[in-house]
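Subject: Structure for you to look at

Hello,

Here is the structure I said I would pass on. Please open it beside this message and follow along.

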Amino acid sequence: KKGTGKNADVEGLEIGGKTGTSQIASGGRYQKKYISSFFGFANDSSNNKYTIGVSVFEPSWKYHYASQSGAVVFKEIIDILKFLDKI
């Protein structure tokens, strides 16, 4: 509900996770290129439990923070699972 991972929250589910944003180095210097990630879990009231890891390599500059890319993709995956009645 708080912090950089709040974009991964899905109403009605227990969600937790960790964002990560790292800058890519090349030739001994950091580039304006990033890897962002969100690794988390989703639990529902029926005792279904999922652990999902998302890594986004070189997201567009506008979305290079994990809270804007990795966490959002994680939420989309959970939404698909809910649609498929898997969670």
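Below is what was found, first for the strands and then for the helix.

Please keep in mind that this is a predicted model.

Strands

Strand 1 covers residues 14–26 and strand 2 covers residues 29–43. They pair in the antiparallel sense, over 12 bridges. To see the pairing, find K18, which stands opposite F39 in strand 2. The two strands form a hairpin with 2 residues between them. One residue in that turn, G27, has a positive phi of about 65°.

Strand 2 also pairs with strand 3 (residues 49–57), again in the antiparallel sense, over 9 bridges. Here G40 stands opposite I52 in strand 3. The hairpin of strand 2 and strand 3 has 5 residues between the strands, and N47 in this hairpin takes a positive phi near 75°.

Helix

Helix 1 runs over residues 70–83. It has 14 residues and reaches 20 Å from its first C-alpha to its last, close to the 20 Å expected at 1.5 Å a residue.

Which residues of helix 1 are buried? They are G70, A71, F74, I78 and L81. Seen down the helix axis, these buried residues fall within an arc of 95°, so they line one face of helix 1. I80 and F83, on the other side of helix 1, are exposed. Together with L84, I80 and F83 form a nonpolar patch on the surface, and the three have about 370 Å² of accessible area together.

Regards

Technical notes:
Residues are numbered from 1 along each chain as its sequence is written. This is a predicted model: local features need pLDDT of at least 70, side-chain atom pairs count only at pLDDT 80 or more; totals for chains, interfaces and linings use all residues. Side-chain values use heavy atoms; hydrogens and water are left out. Two strands pair if DSSP finds at least two bridges between them. Helices (H or I, at least four residues) and strands (E, at least two) are DSSP runs, numbered from the N terminus. Patches are made of residues with over 30% relative accessible area and no salt bridge: like charges are joined within 9 Å, nonpolar side chains (Val, Leu, Ile, Met, Phe, Trp, Tyr) within 5 Å. Accessible areas come from the Shrake-Rupley method with a 1.4 Å probe; for residues, only the protein chains shown count as cover. A salt bridge is a side-chain nitrogen of Lys or Arg within 4 Å of a carboxyl oxygen of Asp or Glu. The expected span of a helix is 1.5 Å times one less than its number of residues. Buried means under 20% relative accessible area, exposed over 50%, partly exposed in between (1.4 Å probe, protein chains only). The arc is that of the directions from the helix axis to the C-beta atoms.
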